[in-house]
Amino acid sequence: MEYLRLRGIGVSPGIVLGEVVLADRILFSPRKEYVPPHRVQEELDRLKNAVDRARKEISGIKAQVRDMVGEEHAFIFDAHLLILDDPALAAGLRRLIREENVRTESALAEMHEHYRRLFEAISDEYIRQRQADVTDVLTRIHRNLDAGNDKVAAEDLRGKILVAHDLLPSEAATRLSQGGVLAVVLDQGGPTSHVAILARSLDIPTVVGLHDITQRVNAHDQLIVDGTDGEVIINPPLMVRKEFQSKRAKYEVYRQELRRVATWASVTLDGVRFIPMANIELPEEIGHALSYGAEGVGLFRSEFIYLQRTTLPTEEEHFEIYDRLAREASPRPVYIRTIDIGGEKALPQLKIEAEPNPALGLRAIRFSLRNRELFRIQIRAILRASVQGNVRVIIPMITEMEEIGEIRDLFAEVRQELSAQGKAFDPAVPVGIMIEVPAAAAISDLLAREVDFFSIGTNDLLQYYLAVDRSNEHVSYLYKPLHPAALRLLKHVFISASRYGKDVALCGEMAADPLLAIVLLGLGLRTFSMNPIFIPRVKKALRAVEARTVRRVVNQAMNLRSAQEVEEFVIEKLLPKYPDAFLMTGPTK
Ligand code: PEP
Ligand code: MG
């Protein structure tokens with residue numbers, strides 16, 4: 001057992017020691033597993049049962065999708081049924097099991113590889129893309145192999161470290177929300193990818209961007225995962241384990257300190273009130289968020305309602321979630337963002353056509369306006385939950401004024417419909433927009449007249465403005481929130497909002513970094529929404545500075561030439577005066 005230390009990007013703090021489970025081995029592993037001849041029939045039965053279950057699932061989803069959004073989305077599932085029942089596929093799988101005595105999992109992996117090579121050789125881009133459908137169907141068969149035995153799969157991850165090449169947001173949502181996962185380690189990913197965000201919300205130490213750790217570890221290896229420093233240690237010897245114990249003890253002390261800070265008032269040294277809020281993905285997180293000192297939910301990423309399930313949620317199911325959020329947070333505000341589907345968040349239930357450039361594709365509000373029935377269901381549910389009086393709606397990915405007009409019309413229709421049905425709602429529920437497309441930031445002066453508030457999504461805003469893919473570890477070094485271009489753009493948004501008396505919140509990961517939060521305070525931000533675990537340290541930093549001094553320093557820093565110059569300048573000017581603001585970076589960076 002080889003001892004090895006690897007560096008990646010720590011995206012969710014905490015340090016743990018545990019045993020590896022290799023997620024990619026579960027699906028389509030190249031390592032072949034065999035069964036003795038007398039178990040061949042058993043394998044053939046497993047395959048048949050799994051295919052039957054998969055067929056039932058696909059037919060069910062197809063019917064549901066057709067009822068809710070029409071035939072044009074449902075036809076994809078016909079293609080899946082055709083693939084599933086393709087005689088060549090079935091014969092190939094059975095041959096592998098019967099003649100080579102491999103386990104069904106290995107037969108599926110071999111067929112997957114066979115089709116991958118076949119599709120790779122096709123020059124037509126559209127047809128090549130269809131490989132995703134084959135993968136989807138084979139994955140579904142695979143997942144159904146042990147159906148009825150879900151508990152085994154769930155328990156497998158409990159107390160273990162999940163090591164994978166990458167996790168789709170839907171996979172992350174299902175696997176991590178089961179609870180009990182000790183840590184997550186990925187070859188790919190960046191700090192603002194959705195896996196990272198979810199891991200932070202669920203308090204699971206996570207290191208991403210390790211390139212090839214899936215090739216370097218074996219199942220059952222021992223691993224130390226240090227999500228704070230971004231280090232992963234494979235099979236640590238005794239000495240290193242001792243180091244780990246003392247590091248973990250220090251981290252625990254630090255955590256307790258954070259809990260204490262959570263109860264302190266949110267005011268700067270010169271008495272300026274600021275509001276820390278929580279970004280959450282699952283309603284279960286709300287108690288956890290409040291315990292870290294969140295003064296409301298600044299961003300509820302409602303797409304996770306879809307990502308966690310295989311069927312489409314009904315209006316009642318939406319309503320139950322929003323109602324629960326509003327009640328549990330009450331009287332604190334809850335900002336519910338309408339679904340941000342597309343981009344890296346695919347919606348398995350709808351089988352959205354693969355797009356060549358999903359981050360620039362049919363995402364978020366673009367998707368919702370194209371799928372009005374789904375959108376209408378969500379708006380009805382949010383408005384119904386608004387009777388609690390603390391609900392606000394955020395619309396993601398606004399790019400142009402025309403979208404505001406369409407949304408306004410749709411809201412008016414839904415309000416009328418609800419009134420006609422005698423259903424209660426808050427007629428004054430504030431509707432705001434995400435500023436996360438640079439074009440929206442540039443016309444924020446026009447948008448500010450039309451909407452109730454802004455919520456700045458710096459994860460996407462910087463991704464698009466600096467042309468840095470937020471999930472690509474190769475370019476994450478360019479992801480610089482203190483880039484003078486970013487500061488100028490943000491300043492423009494704050495000025496626009498204040499000219500029309502509109503509130504601005506910021507819910508990108510930028511708000512969670514103490515130094516960046518101080519800079520944002522200087523730019524005029526008062527509502528900071530972030531992953532709840534970061535609230536105490538941001539609070540501690542902001543309490544330790546005077547808003548008026550920070551404002552002056554940041555105004556000067558705007559004229560500097562690079563992110564590094566800005567950072568050095570801000571630290572140099574503020575550190576001697578407010579040393580406490582820089583003390584809390586502690587073990588969570
Ligand atoms: C953002 O883009 O900054 C944001 C908060 O939204 P998400 O991370 O869900 O894209
Ligand atoms: Mg976004």
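**Notebook: a look through the predicted model**

I started at D323: leaving aside its neighbours within four places in sequence, D323 is in contact with A385 and Q388, contact meaning heavy atoms within 4.5 Å. D323 sits in helix α15 (residues 315-329). Helices here are DSSP runs of H or I with at least four residues, strands are E runs of at least two, and both are numbered from the N terminus. D323 has 11% relative accessibility, so I put it down as buried. My scale: buried is under 20% relative accessible area, exposed is over 50%, and partly exposed is in between, with a 1.4 Å probe and protein chains only.

Some ground rules for myself. This is a predicted model, so local features need pLDDT of at least 70 and side-chain atom pairs count only at pLDDT 80 or more, while totals for chains, interfaces and linings use all residues. Residues are numbered from 1 along each chain as its sequence is written, chains are lettered from A and ligands numbered from 1 in the order in which they are written, and side-chain values use heavy atoms, with hydrogens and water left out.

**Cis bond after α15**

I followed the chain past α15 and found a cis peptide bond joining S330 and P331, with omega about 5°. P331 is in the loop between α15 and β11 (334-337).

**Magnesium site**

Which protein residues donate to the magnesium ion (ligand 2)? I found E436 (OE) and D460 (OD), lying 2.0 to 2.1 Å from the ion. Donors are N, O and S atoms within 2.8 Å of the metal (3.2 Å for Na, K and Ca), and water is not among the atoms, so sites may look incomplete. The two donors come from distant parts of the chain, 24 residues apart: E436 is in the loop between β13 (431-435) and α19 (438-442), and D460 is in helix α21 (residues 458-465). I checked burial too, and both E436 and D460 are buried.

**Nonpolar cores**

Next I looked up the largest nonpolar core, which has 137 residues. Such a core is a set of buried Ala, Val, Leu, Ile, Met, Phe, Trp, Tyr and Cys residues joined through side-chain atoms within 4.5 Å. I141, I395, F454 and F528 touch the most other members. Helix α2 (residues 40-69) gives the largest share of this core, nine residues. Another core, of 22 residues, lies apart from it, and its members include A164, L167, V184 and A199. As background, nonpolar side chains tend to be buried together in soluble globular proteins.

I then listed the neighbours of F454, not counting residues up to four places away in sequence: I433, I435, S444, L447, A448, V493, A497, D503, V504 and A505.

F375 was my next stop, in helix α17 (residues 372-385). Is F375 buried or exposed? F375 is buried, because its relative accessible area is 2%. With residues up to four places away in sequence left out, F375 touches T338, I365, S368, L369, I395 and L410. I also took a long distance: the C-alpha atoms of F375 and L6 are separated by 44 Å, and the two are 369 residues apart along the chain.

**Helix pair α23 and α26**

I looked at how helix α23 (residues 514-523) meets helix α26 (residues 563-574): their axes come within 11 Å and cross at roughly 85°. That makes α23 roughly perpendicular to α26. L515, I518 and V519 of α23 make the contact with E567, V570, I571 and L574 of α26. By class I count six nonpolar, no polar and one charged residues there. The axes are lines fitted to C-alpha atoms, for helices over the stretch in contact, and angles run from 0 to 180 degrees between N-to-C directions. Under 35 degrees counts as roughly parallel, over 145 as roughly antiparallel, 65 to 115 as roughly perpendicular, and the rest as oblique. For the classes, Ala, Val, Leu, Ile, Met, Phe, Trp, Tyr, Cys and Pro are nonpolar, Asp, Glu, Lys and Arg are charged, and the others, Gly among them, are polar.

L574 turned up again when I checked T549, which is in contact with L574, K577 and Y578, leaving aside its neighbours within four places in sequence. T549 lies in helix α25 (residues 547-557) and is buried, at 6% relative accessible area.

**Positive phi**

I noted H211, not a glycine, with a positive phi near 65°, in the loop between β6 (206-208) and α11 (213-216). H211 counts as partly exposed at 46% relative accessibility. A364 is not a glycine either, and its phi is positive at about 50°. A364 is in helix α16 (residues 364-370) and counts as buried, at 0% relative accessibility.
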